Amino acid sequence: MLTVERLTVRRGGREVLRDVSLSLAPGKTLAVLGESGAGKSTLIASVLGLINPEHGMVSWDGRPIARGAVALVMQEPRAAFNSRLTLRRSVCEPLRARGLPEDQDRFFRLCRGLELEPDLLARRPNQISIGQAQRAGVLRALIAAPPLILFDEPLSALDAATQKHTARLISAIQREEGFAALIVTHDLGYAAAHAENIAVLREGRIEEAADADVFFRNPQSSYGQSLVNAAVALGALEHRAA
Ligand SMILES: Nc1ncnc2c1ncn2[C@@H]1O[C@H](COP(=O)(O)OP(=O)(O)OP(=O)(O)O)[C@@H](O)[C@H]1O
Ligand SMILES: [Mg+2]
């Protein structure tokens with residue numbers, strides 16, 4: 001279980017997260033919504049331990065999160081990879097880090113699921129498309145089956161059909177393997193389809209936190225209402241009403 005307790009973070013002299021608390025159980029998905037600059041990526045960096053908070057703490061089952069127990073799909077797909085290494089080497093790095101052998105079957109099964117030709121992964125990051133790099137980032141996060149995966153807008157560079165397909169694959173593996181997923185997304189359709197819990201961040205604070213069913217039926221905060229109304233107007237939540 002991931003627990004974030006009363007997290008306050010300063011960056012560049014400004015408070016960018018204030019008193020943020022949330023929790024996330026194994027096998028569940030928490031979607032973090034909020035406008036650009038709200039502090040979503042800062043929250044992820046804090047969970048990873050890349051930023052020291054001013055106050056508060058992050059824990060997994062009451063202990064600091066162990067290295068290797070958490071994977072990240074970065075918001076900027078190419079920046080996620082070492083430009084000098086082949087993608088395959090980077091993608092399999094989490095296995096080496098945890099002292100696990102490379103499981104060829106799993107590797108090829110995940111490549112197929114993500115529609116990544118294994119040959120593509122023999123290349124370097126600047127020799128593939130951004131959408132391919134994004135899916136390679138998802139592959140790297142899944143490869144070592146960590147208990148917690150943080151996704152920072154993981155499907156933003158993909159076309160709609162590939163988004164849907166990739167989202168389904170992530171969910172299928174989550175059902176099999178039971179990782180907890182914290183996912184930052186601007187795609188309310190995705191959140192409605194895949195998340196059990198919603199947190200809305202605004203200017204560094206939790207504006208609203210609720211079960212997804214409750215949130216999409218009856219958002220409480222005015223900002224939450226505007227997000228849901230905009231998604232309804234775009235038809236992004238239609239499958240939910242059905
Ligand atoms: N390294 C940094 N130094 C100083 N301020 C930063 C730094 N990184 C981010 N910030 C500031 O912290 C705030 C939150 O940024 P963050 O990247 O967490 O936003 P976000 O919600 O992920 O936005 P987006 O949807 O655009 O990715 C912003 O005001 C940003 O300018
Ligand atoms: Mg961000």
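Helix α1 gives the largest share of the shell around ligand 1, namely three residues. The model is a predicted one. α1 spans 40-48, and strand β2 spans 14-24; each supplies at least two residues of this shell. In total, 15 residues lie around ligand 1, and Arg14, Ser36, Gly37, Lys40 and Thr42 come nearest. By class, the shell divides into eight polar, five charged and two nonpolar residues.

Three side chains make polar contacts with oxygen atoms of ligand 1, as tabulated here.

| Side chain | Partner | Distance |
|---|---|---|
| Arg14 (N or O atom) | oxygen atom of ligand 1 | 2.7 Å |
| Lys40 (polar atom) | oxygen atom of ligand 1 | 2.7 Å |
| Thr42 (N or O atom) | oxygen atom of ligand 1 | 2.6 Å |

The protein buries 64% of the 640 Å² that ligand 1 exposes when taken alone.

Next comes the metal site. Ligand 2 is a magnesium ion, and its protein donors are OG of Ser41 and OE1 of Gln75. These donors lie 2.1 to 2.4 Å from the ion. Ser41 sits in helix α1, whereas Gln75 belongs to the loop between β5 (70-73) and α2 (87-91). The pair therefore ties together parts that are 34 residues apart in sequence.

How accessible are the two donor residues? Ser41 has a relative accessibility of 30%, so it counts as partly exposed. Gln75 has a relative accessible area of 35% and is also partly exposed. Both values fall between the cut-offs of 20% for buried and 50% for exposed.

Key: Residues are numbered from 1 along each chain as its sequence is written. Chains are lettered from A and ligands numbered from 1 in the order in which they are written. This is a predicted model: local features need pLDDT of at least 70, side-chain atom pairs count only at pLDDT 80 or more; totals for chains, interfaces and linings use all residues. Side-chain values use heavy atoms; hydrogens and water are left out. A residue is near a molecule or strand if one of its heavy atoms lies within 4 Å of it. A polar contact is a pair of N or O atoms within 3.5 Å; within protein, one must be able to donate a hydrogen and the other to accept it, and residues adjacent in sequence count only if both atoms are side-chain atoms. Accessible areas come from the Shrake-Rupley method with a 1.4 Å probe; for residues, only the protein chains shown count as cover. Helices (H or I, at least four residues) and strands (E, at least two) are DSSP runs, numbered from the N terminus. Ala, Val, Leu, Ile, Met, Phe, Trp, Tyr, Cys and Pro count as nonpolar, Asp, Glu, Lys and Arg as charged, and the others, Gly among them, as polar. Donors are N, O and S atoms within 2.8 Å of the metal (3.2 Å for Na, K and Ca); water is not among the atoms, so sites may look incomplete. Buried means under 20% relative accessible area, exposed over 50%, partly exposed in between (1.4 Å probe, protein chains only).
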